[in-house]
Amino acid sequence: MSPTESMLLGGLIGLARALESDEAMPAPDAPKVMVETLACMHTADEAAAKLLARRIHQEKLRLLPDCAACPHPCGRTDDYDTAKLSEDGSEVEALKLELLSRLQNIAKRQGDTATPEIVKLLRDGLNQIGWGYRAETLEKALQHYPS
């Protein structure tokens, strides 16, 4: 995974966590930003990636404006440290990267027409990449994401 892809994936996982928060404010562009970034993160040049990263952070701020000023930040919606992908072993890392590939393919097929159900599917998949799941759990999760 390139540094650009790592930066975008880390931001997307933080955005996905913000989208599922009970305290999230309405941010109608957040799902669109998530789908667009997933669809093009593999091919985005550095300038486009920086713009996408800025949009991701703007949407996280819209969703959870109090997080930026929290005196006791929990880190839940911070950008995910993609170096953690390899900490769980090569099998888990490979499964997470396969899940990411499937999410990207789903996003590419959706374009601007992603339904709320697809947005939830993508959000949940990004969250699964960000959590420390075992291989067995990820293998079961992959069954819900077409290749």
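How far apart should the ends of the 15 residues of helix H5 be at 1.5 Å a residue, and how far apart are its end C-alpha atoms? In this predicted model, helix H5 covers residues 116-130 and should span 21 Å. The end C-alpha atoms of H5 are 21 Å apart, so the expectation and the model agree.

Helix H5 also contributes a good list of buried residues: Ile118, Val119, Leu122, Arg123, Gly125, Leu126, Asn127, Gln128, Ile129 and Gly130. Their packing partners are four helices, namely H1 (3-19), H2 (29-40), H4 (90-110) and H6 (135-142). A general point helps when looking along any such element: an α-helix has 3.6 residues a turn, so residues three or four places apart point the same way.

Helix H2, one of those partners, can be checked in a similar manner. It is built from 12 residues, and the distance from its first C-alpha to its last is 17 Å, close to the 16 Å expected at 1.5 Å a residue. Buried within H2 are Ala30, Val33, Met34, Val35, Thr37 and Leu38. These residues pack against H1, H3 (46-63), H4 and H5.

Helix H1 holds Ser6. With a relative accessibility of 18%, Ser6 falls under the 20% cut-off and therefore counts as buried. Beyond its neighbours within four places in sequence, Ser6 is in contact with Met1 and Thr82.

Finally, the cysteines deserve a look. Cys40 has 26% relative accessibility and so counts as partly exposed. Cys67 is partly exposed too, because its relative accessible area is 40%. A disulfide is a covalent bond between the sulfur atoms of two cysteines. Searching the whole structure turns up 0 disulfides.

Methods:
Residues are numbered from 1 along each chain as its sequence is written. This is a predicted model: local features need pLDDT of at least 70, side-chain atom pairs count only at pLDDT 80 or more; totals for chains, interfaces and linings use all residues. Side-chain values use heavy atoms; hydrogens and water are left out. Helices (H or I, at least four residues) and strands (E, at least two) are DSSP runs, numbered from the N terminus. The expected span of a helix is 1.5 Å times one less than its number of residues. Buried means under 20% relative accessible area, exposed over 50%, partly exposed in between (1.4 Å probe, protein chains only). Contact means heavy atoms within 4.5 Å. A disulfide is a pair of cysteine sulfur atoms within 2.5 Å.
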